[in-house]
Amino acid sequence: MKNTYLDSLVCLTAEYSPFLGTEKGVVLQEAREWLLSELSGKCHLFGPDLPKTEEITHVLETFHVIVELPSDNFGAYIISMATASSDMLVVELIQREFHVKQPLRVVPLFEKLADLESAPAAVVRLFSIDWYRN
């Protein structure tokens with residue numbers, strides 16, 4: 001089962017990072033490091049020149065709604081078909097890019113057997129990141 005929604009999240013950031021967006025959704029350690037450097041920085045990545053596929057348009061519209069509506073309308077941002085800790089970091093970066101005033105909790109939903117088996121390690125990696133814990 002292909003997750004075009006998550007693919008478009010990766011595509012939004014893959015425009016700027018040579019480490020993201022591999023064919024099988026594998027994201028390297030370098031990608032996590034790149035995401036963390038971007039999350040720690042103040043520069044904005046997204047401009048009017050973003051690719052406008054149907055999936056990316058859907059993602060952009062979703063974040064526009066999150067910004068426009070009161071924050072108490074939302075609980076968490078659930079990532080279906082999550083595979084790695086970097087999936088959560090991508091959503092954190094996009095929330096920052098859209099100036100979400102009260103960022104949503106990002107919740108991974110590991111659904112494939114291989115992803116479920118590697119989920120504990122992915123979560124441990126995520127919580128080992130100082131930026132994420134703070």
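Is Glu97 buried or exposed? I looked this up before anything else, and at 8% relative accessibility Glu97 counts as buried, where buried means under 20% relative accessible area, exposed means over 50%, and partly exposed lies in between, with a 1.4 Å probe and protein chains only.

**Entry 1: ground rules**

I noted that this is a predicted model, in which local features need pLDDT of at least 70 and side-chain atom pairs count only at pLDDT 80 or more, while totals for chains, interfaces and linings use all residues. Residues are numbered from 1 along each chain as its sequence is written, and side-chain values use heavy atoms, with hydrogens and water left out.

**Entry 2: the outline of the fold**

I read off 6 helices and 2 strands in the protein, and here helices (H or I, at least four residues) and strands (E, at least two) are DSSP runs numbered from the N terminus. Following the sequence, I wrote the pattern down as α-α-α-β-α-β-α-α. Of the 134 residues in the protein, 40% are buried. I also looked up the contacts, meaning heavy atoms within 4.5 Å, and found that among those with a separation of 6 or more, 75% join residues 24 or more positions apart.

**Entry 3: the strands and helix 4**

I followed the side chains along strand 1, residues 76-80, and saw that they alternate: Tyr77 and Ile79 point to one face and are buried, whereas Ala76, Ile78 and Ser80 point to the other and are not. Strand 1 pairs with strand 2, residues 105-109, in the parallel sense over 5 bridges, and two strands pair if DSSP finds at least two bridges between them. Opposite Tyr77 I found Val106 of strand 2. Between these strands the chain passes through helix 4, making a β-α-β crossover that is right-handed, a term that applies if, with the strands pointing away from the viewer, the path from the first strand over the helix to the second runs clockwise.

I then checked helix 4 itself, residues 85-97, whose 13 residues reach 19 Å from the first C-alpha to the last, close to the 18 Å expected at 1.5 Å a residue; the expected span is 1.5 Å times one less than the number of residues. Why is helix 4 described as largely enclosed by the rest of the structure? I found that 13 of the 13 residues of helix 4 are buried, so that description follows.

**Entry 4: two positive phi values**

Most residues other than glycine have a negative phi, and with that in mind I looked for exceptions. Met81, in the loop between strand 1 and helix 4, has a phi near 65 degrees, and Met81 is buried, with a relative accessible area of 8%. His99 lies in the loop between helix 4 and strand 2, and its phi is near 60 degrees, again a positive value in a residue other than glycine.

**Entry 5: salt bridges**

How many salt bridges does a search of the whole structure find? I recorded 2 salt bridges, each being a side-chain nitrogen of Lys or Arg within 4 Å of a carboxyl oxygen of Asp or Glu. Glu97 forms one with Arg96, the closest N and O atoms being 2.6 Å apart. Asp130 forms one with Arg133, with the closest N and O atoms 2.4 Å apart. Because Asp130 and Arg133 are 3 residues apart in helix 6, residues 130-133, they are separated by about one helical turn. Asp130 counts as partly exposed at 47% relative accessibility, and Arg133 likewise counts as partly exposed at 47%.

**Entry 6: buried charges without a salt bridge**

For charge I counted Lys and Arg as positive and Asp and Glu as negative, leaving out His and the chain ends. Glu38, in helix 2, residues 29-40, is buried yet has no salt bridge, and the nearest side chain of opposite charge, Arg96, is 4.8 Å away. Not counting residues up to four places away in sequence, Glu38 touches Leu45, Leu93 and Arg96.

Asp115, in helix 5, residues 113-127, is also buried without a salt bridge, and Lys112, the nearest side chain of opposite charge, is 5.3 Å away. Leaving aside neighbours within four places in sequence, I found Asp115 in contact with Ala82, Thr83 and Phe110.

**Entry 7: back towards Glu97**

Last, I looked up Lys42, which sits in the loop between helix 2 and helix 3 and counts as exposed at 75% relative accessibility. The C-alpha atoms of Lys42 and Glu97 are separated by 9.6 Å, although these residues are 55 apart along the chain.
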